[in-house]
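User: Could you take me through one part of this protein in some detail? I'd like a close look at a single stretch and how it fits with the rest.

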Amino acid sequence: MLGGEEEFAFLSTEDVWAAKGARHPEMEITKASSTAADGTKVSGAKYATMRKTDASTYIMTRGTGTLMVFSGRLAKHELHVCCATGQTVAKASPGNTEGMYEVVVYTNTDAGLIILGLLAIDKCEVAQVE
């Protein structure tokens, strides 16, 4: 949400809690919901899916294509993010406060999508520990 008012995208973690470690959950990223002419709220269209592929990697896909690959030391918040062509588009490292990230997003990269990916990883990793 921008300024607490305008929603741009939504990450569903429902599958994380429903899976309870039985498999790698898939988390949907949807476009912002909108308001129909009659005032009812309409859910946003699916944009991408985030899922864990191995112990140190998550992949964000759209349809059959890869958007981004998040890999590194997940529990330590040390990750690099590559686009489908393998180029680094962002890096995350531990922040000064426990449980926080310091994120560097490279030029021409969707920072919001990177943040949603990092939030998805945190939710998945916390659910696996519990």
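Analyst: Happy to. Keep in mind that this is a predicted model. The accessible surface of the protein chain comes to about 8100 Å², and carbon and sulfur atoms hold 51% of that. Of the chain's 130 residues, 30% count as buried.

Before zooming in, here's the layout. The protein chain has two helices and ten strands, and from the N terminus on they run β-α-β-β-β-β-β-β-β-β-β-α. As for contacts with a separation of 6 or more, 28% of them link residues 24 or more positions apart.

The part I'd pick is the run from strand 7 through strand 8 to strand 9. Strand 7 covers 65–73, strand 8 covers 78–83 and strand 9 covers 88–94. Strand 8 pairs with both of the others: six bridges join it to strand 7 in an antiparallel arrangement, and four bridges join it to strand 9, again antiparallel.

Start with the hairpin of strand 7 and strand 8. Arg73 sits opposite Glu78 of strand 8. Four residues lie between these two strands, and within this hairpin His77 takes a positive phi near 60 degrees.

Now follow strand 8 along to its other hairpin. Val81 faces Ala90 of strand 9 across the pairing. The hairpin of strand 8 and strand 9 also has four residues between the strands, and here Gly86 is the one with a positive phi, near 95 degrees.

Gln87 is worth a stop too, as a residue of the loop between strand 8 and strand 9. Is Gln87 buried or exposed? Its relative accessibility is 54%, so Gln87 counts as exposed, the cut-off being over 50%. Leaving aside residues up to four places away in sequence, Gln87 touches Val81 and Cys82. As for Met68, Gln87 is 19 residues from it in sequence and 9.6 Å from it in space, C-alpha to C-alpha.

So how does this stretch tie into the interior? The largest nonpolar core has 22 residues, and those with the most contacts inside it are Met50, Tyr58, Met60, Phe70 and Leu79. Strand 7, strand 8 and strand 9 are among the elements that each supply at least two residues of this core, alongside strand 2 (26–31), strand 5 (46–54), strand 6 (57–62) and helix 2 (111–129). Helix 2 makes the largest contribution, with seven residues.

Notes: Residues numbered from 1 in each chain as written. Predicted model: local features only at pLDDT ≥ 70, side-chain atom pairs only at ≥ 80, totals over all residues. Heavy atoms only, no water. Buried < 20%, exposed > 50% of the residue type's maximum accessible area, 1.4 Å probe, protein only. Contact = heavy atoms within 4.5 Å. Areas by Shrake-Rupley, 256 points an atom, 1.4 Å probe, with all protein chains shown as cover. Core = buried A, V, L, I, M, F, W, Y, C linked by side-chain atoms within 4.5 Å. Pairing = 2+ DSSP bridges.
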